[in-house]
Amino acid sequence: MRIGDAKQTYLADEAIWTSNTQKIWFALLLAALLAFPFMASSYLLYLGCLVGIAVISATGLNILTGYTGLISLGQAGFMGVGAYTVAWLSNNTALPFPVTLLAAGLLAAAVGILVGLPSLRVKGLYLAIATLAASVFLHFIFAEWEPVTGGMEGQSLQPAHLLGLEFRSDFAMYFIILPLAVLALLAAKNLFRTRVGRAFIAIRDRDISAEILGIPLLKYKLMSFALSSFYAGVAGGLFAYFYRVVTPESFPLSMSIFYLAAVIVGGMGNLLGGILGAAFMTLVPEALKLLTAVMTPIWPNAPVFMSPMLEIIFGALIVGFLIFEPHGLAEIWRRIRRFFHLWPFRS
Amino acid sequence: MSILEISQLSLSFGGVHALQDVSFQVPRDTITTVIGPNGAGKTSLFNCISGFYKPQEGEIRYQGQPLKGVKPPKRAAMGLARTFQNIALFRGMTVLDNIKLGAHVHMKTGLLSSLAYFGRARREEMEIREEVERRIIDFLEIDHIRRHPVASLPYGLQKRVELARALAMRPKVLMLDEPVAGMNREEKEDMARFILDIREEWDITVLMVEHDMGMVMDISDHIAVLNFGQVIAEGEPEDVQQNPEVIKAYLGNSDIDSLRKRLNPDREAA
């Protein structure tokens, strides 16, 4: 039962965490996330890092597609721009990772603005195709601009470093990825309780009346593209540091679709949706593999039957969620919360 | 002194003449209403004033300044606010956020400040919240629904929220496109009271399109009648009511008695 959260000031009323219960739960979650690498196996730690990177990129795409209503198939391309920026800077300069990641974000944002230019004229599927063209074009640059990108073979890079510390292991990378993911989510949360975020949502819901209410469409659409690709660029940079090798095949078109699916399955226009979607899309295929391994002792032929089935089961799960939970995984969480808000007086 | 002067405005889509040589004035601090049968060009006129349509000929002057070439967002910042015929609220936002959005042009917070929610962003958000709460939510009696998503509200309340959002734009001219369409009698009376109060207390000129003749005649100071894209009459409610052109436009025949006879031959015979 939720009680005692009456507020005296508007500032307290518009805070992110409006009750002590929420603050305590969030602190516990944060503590658990910090303790995770000390207890997890190396495999789980590896997955944790991947989820963290995916959360940043999915949140970026959620800002663009979920909140501003602009469908983009360019997310993998923007991540590639970030990854190649970090790779080049780490091989040609001695800059520490905060600088290289910032540069990755900014360059990706600049590319994002260029790619977003058609969005004033086209929207919906047409915009998806326009961004698809951009991602093909970026892929071409990654593959052909050999002096900078290393061509088809790509390039390996130096580990991330800061103040003499080197971040080689997954364990060390986790402590870069986690704070950045938290920061990315906090910034997005702030955005959507202020003027700029409201303008994004207004453009998604009714672009014509948004314009008549005083929102210049092109400016805000490009701002959304820039921010979304900034997130993608940082995520791509982390990806490069994490794998320490970047090739054009690191960022295929299917990755853009992966992120679009993450946002849709998780819940469009909902920050929690981006998190849940990214985790779902990253972990479910792994969980299915794990399931196969568990079944093998009982059913020796499991790998033979299951390995071709994995993709099909994964696809069926996505379709199932779309049909039974069209508002995404975040909606399930919202229902659970509502239950406990009224519990035990009503259930 | 007129706050809005429309002169010789013509708008056509291909061969369809939505507006032809439309001229009329909106005197400052009045409630001016545009009436006319369906398809007369009332909403097209609003769209020209908002800057959504670009008229081929004529001009619109706002506070003496021609509006030609001024983009819609700029017009909003200059003090031209409006509501829409078929409610254009942002369905994914709460009532409070919808109203705050109206104040967009009066805020300056940029992207970086927004992301950090620090300094200007926080200060401006608090200022706007206070203004919205004190002046608008209280005035329109919608404090009980401020946290509701707009999509869940009944029609009459949605119209009221749309009015609230327009007021948050701090307008000098408030354009209302059918503010009481589809409302029941009580909701209509509330809305009429709000519109009168807005003119009296807020120092706002109201330009309205409405079909409900009872309300139009009751609260308007000035009426312009459009038919087939042309102004056929203009003046005070009493004058317009008596104008034979207007009666003809609405009833199709200036001879009301003969019309009545044709509609009710049996009763006449009895």
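Let's start in chain A of this predicted model, at residues 171–188: this stretch is 100% helix and 0% strand, and its end C-alpha atoms lie 26 Å apart. Residues 222–243 of chain A give a similar picture, again with 100% helix and 0% strand, and here the end C-alpha atoms are 31 Å apart. Both stretches carry the label "transmembrane region" in an unreviewed UniProt entry, which also places that annotation on other parts of chain A, including residues 24–55 and 95–117.

From here, move across to the partner chain. In chain A, 28 residues are in contact with 33 residues of chain B. On the chain A side, two or more residues each come from helices H1 (10–13), H8 (170–191), H9 (195–205), H10 (207–212) and H11 (217–243). H9(A) gives the largest share, with 9 residues. By character, this side of chain A divides into 15 nonpolar, 6 polar and 7 charged residues.

Now turn to chain B itself, where 4 strands make an open sheet with antiparallel pairing, in the order E2-E1-E4-E5. Strands E2 (16–27) and E5 (65–66) of chain B each have a single partner strand, so they stand at the edges with one side left without a neighbour in the sheet. At the E5(B) edge, 2 bridges join this strand to E4 (residues 57–62) of chain B, the two running antiparallel. If you look for a bridge here, B:Tyr62 has B:Gln65 in E5(B) as its partner. Helix H1 (residues 42–50) of chain B packs on the sheet, where it touches strands E1 (2–13), E2 and E4 of chain B, and its direction makes about 70 degrees with that of E2(B).

Notes
Residues numbered from 1 in each chain as written. Chains lettered and ligands numbered in written order. Predicted model: local features only at pLDDT ≥ 70, side-chain atom pairs only at ≥ 80, totals over all residues. Contact = placed C-beta atoms within 7 Å. Nonpolar A, V, L, I, M, F, W, Y, C, P; charged D, E, K, R; others polar. Pairing = 2+ DSSP bridges. Axes fitted to C-alpha atoms, helices over the stretch in contact; angles between N-to-C directions. UniProt positions renumbered as here; feature names shortened; annotations may be inferred.
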